[in-house]
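Got the model open in your viewer? Let's take a walk through its empty spaces and then drop in on a few cysteines.

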Amino acid sequence: MKLTETPAWQALNAHAATFSRRHLRDLFAADDGRFTRFSRSFDGLLLDFSKQRIDAETHRLLLDLAAAADVAGWRWKMLAGEIINHTEGRAVRHVALRAGDAAPPEVRAVLAQMAACCDRVHSGGWRGYSDERISDVVNIGIGGSDLGPRMAARALAAAQQPDLRVHFVSNVDAADIAPLLARLNPRTTLFIIASKTFTTQETLINARTARAWLLAAAGSEEAVARHFIAISTAREQTRQFGIADANVFEFWDWVGGRFSLWSAIGLSLALAVGWSRFTELLAGARAMDEHFATAPAADNLPLTLALLSLWNTDFLGAPTAAVLPYSQSLELLPSYLQQLEMESNGKQTDRAGESLAIPTNPVVWGAAGSNGQHSFYQLLHQGGRLIPCDFIALSDSDFPLPGHHRPLLANCLAQSAALAFGQTAEELRAAGVSESLLPYKLFPGNQPSSTLLLPRLDAYSLGQLLALYEHKTFCLGVLWHINSFDQWGVELGKTLAGRIERLLAGEYNNDNGKAFDASTQGLLSALGKKI
């Protein structure tokens with residue numbers, strides 16, 4: 001039976017037909033215990049979803065949908081290591097990366113290798129070709145091999161090692177790597193090449209550029225082994241590059257790139273903040289894993305976030321969702337969640353190979369508060385579009401300068417309230433607003449939002465936060481009956497790019513070039529490649 005034909009989905013459809021026009025003002029007026037009813041706490045985190053456009057009946061029907069989709073059963077399959085990524089024939093075991101003493105032996109071995117590497121670099125034991133200690137580390141990767149450690153290193157900036165600078169390069173555009181190399185010292189720079197297969201085009205182009213830059217200064221191929229680390233499964237390719245086997249960190253096909261921060265992909269983060277803090281990150285994620293595995297459905301934070309997202313997307317018709325962290329340190333979180341959620345669940349084919357014919361993942365976007373208030377919040381308030389928001393705030397600042405954190409928190413709480421309740425004509429008249437200005441100052445409100453309050457931004461709470469959104473993503477995939485762990489949609493563009501690159505290099509004759517569409521042919525002609 002198609003998802004939209006199931007009794008649970010039909011019940012939600014019928015409920016939405018009558019409920020969707022209700023305003024948050026009315027919902028709060030009818031229930032003075034609404035915050036208590038629609039907020040949940042776990043291990044220092046508070047999730048307030050009382051400003052979502054739901055009532056008790058909505059919540060009950062959403063939980064019925066979760067039961068009908070067998071979220072609990074699929075959760076067990078994932079945690080048990082069953083092959084739930086059926087299109088690629090793989091298990092999904094990123095949770096095992098942070099399982100502590102219960103982690104598989106191969107995981108514990110790589111963690112020990114990472115710890116030893118961190119100790120060598122931080123103690124000054126790792127020396128470059130001129131026998132100088134390492135001062136800079138450059139992570140070269142793309143997608144999950146870049147976004148996770150880059151975001152987390154930025155988030156934990158307050159805890160970074162004082163005598164080591166960690167940088168990130170991902171874009172194949174030379175404008176990414178060239179300015180960085182220009183200000184680094186080849187004698188004291190260590191590169192981490194993060195590519196599971198060691199064939200990722202963008203990563204390998206940047207890696208070869210870094211290698212050539214090093215050799216131009218060192219003058220000997222032997223220097224490569226002292227300045228390059230690889231995170232890869234392709235030992236033959238890493239050896240050909242010149243990387244010593246001892247400096248290659250294992251990576252498994254049961255870890256998807258966007259779920260890989262907890263693996264050796266996190267080495268650059270561990271170097272940035274220290275090994276003890278990296279283990280705290282794993283511990284925070286492990287605590288959320290245990291909550292997700294054991295908490296009842298009605299109290300389960302990841303499932304709650306997933307159900308609210310599905311309700312807003314498929315029953316209230318919201319095409320996008322904003323992530324608004326009121327923390328400059330979390331400024332890269334929206335970009336990280338774009339990949340996590342949109343690459344996982346931006347699909348229209350269910351597990352049976354049938355078309356869903358309904359929207360799945362919303363377009364995820366956002367920016368750090370309070371900067372966003374001075375750019376796109378105008379549209380949130382008066383633009384006429386339904387845009388659910390996740391506000392994220394910290395009880396205590398990670399950079400506690402006097403006079404900063406209180407106004408930041410005030411803005412966060414004020415914006416979520418303004419989006420929910422708006423401003424009526426009666427309120428404006430009571431405030432003395434003229435009738436000529438009144439239409440311009442009306443705020444319709446009724447924009448749904450959740451607020452996630454963290455006690456602080458440290459490695460443990462960041463681990464909790466990221467695991468929370470990982471499990472939310474998993475739950476949404478189960479609810480939509482899709483496989484969240486493949487990404488076939490990126491393959492076509494890669495294939496076409498390879499063909500076009502060969503044409504740009506002159507490897508195609510005129511007839512081959514005509515295989516492309518008229519628009520692509522016109523653009524190639526404008527670039528000087530006549531076909």
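Start with the enclosed voids: this predicted model has 5 cavities of 30 Å³ or more. The largest cavity holds about 200 Å³. To land in it, select Ser309, Ala321, Pro388, Asp390 and Lys472, the closest to its centre among the 19 residues that line it.

Now colour by secondary structure. Which elements each supply at least two residues of this lining? They are helix H14 (301-315), strand S8 (320-325) and strand S10 (389-394). H14 gives the most, with 5 residues. Switch to colouring by residue class and the lining of the largest cavity shows 10 nonpolar, 6 polar and 3 charged residues.

Next, hop to the second largest cavity, at about 70 Å³. You can select its lining in one go: Trp74, Ile84, Arg351, Phe474, Val478, Ile482, Asn483, Ser484 and Phe485. By class, that makes 6 nonpolar, 2 polar and 1 charged.

Time to move on to the pockets. The largest pocket contains about 1,200 Å³ of space. Centre your view on Thr200, Gln487, Val490, Glu491 and Lys494, which sit closest to the middle of this pocket out of 42 lining residues. Show helix H7 (144-155), helix H9 (201-218), helix H15 (333-345) and helix H21 (491-504) as cartoons, since each supplies at least two residues of the lining. Which of them should you highlight for the largest share of that lining? Pick H21, with 6 residues. Here the class split reads 13 nonpolar, 18 polar and 11 charged.

The second largest pocket has a volume of about 330 Å³. Select Gln328, Ser397, His404, His405 and Leu408 to find its centre; of the 17 residues lining this pocket, these are the closest to that point. Helix H17 (residues 405-421) brings the largest share of the lining, 4 residues. By class, the lining of the second largest pocket has 6 nonpolar, 10 polar and 1 charged.

Last stop: the cysteines. How many disulfides does a search of the whole structure find? The count is 0. Select Cys117 and Cys118 and draw a distance between their sulfurs. Cys118 holds the closest cysteine sulfur to that of Cys117, but at 5.7 Å the two are too far apart for a bond, because a disulfide needs the sulfur atoms within 2.5 Å. Is Cys117 buried or exposed? Its relative accessibility is 5%, so Cys117 counts as buried. Finish at Cys475, which is also buried, with a relative accessible area of 0%.

Definitions and conventions. Residues numbered from 1 in each chain as written. Predicted model: local features only at pLDDT ≥ 70, side-chain atom pairs only at ≥ 80, totals over all residues. Heavy atoms only, no water. Buried < 20%, exposed > 50% of the residue type's maximum accessible area, 1.4 Å probe, protein only. 1 Å grid on protein atoms, 1.4 Å probe; cavity = no way out; pocket = protein on both sides within 12 Å on 5 of 7 lines; lining within 4 Å. Points joined across faces, edges and corners; volume = space filled by probe spheres on them. Nonpolar A, V, L, I, M, F, W, Y, C, P; charged D, E, K, R; others polar.
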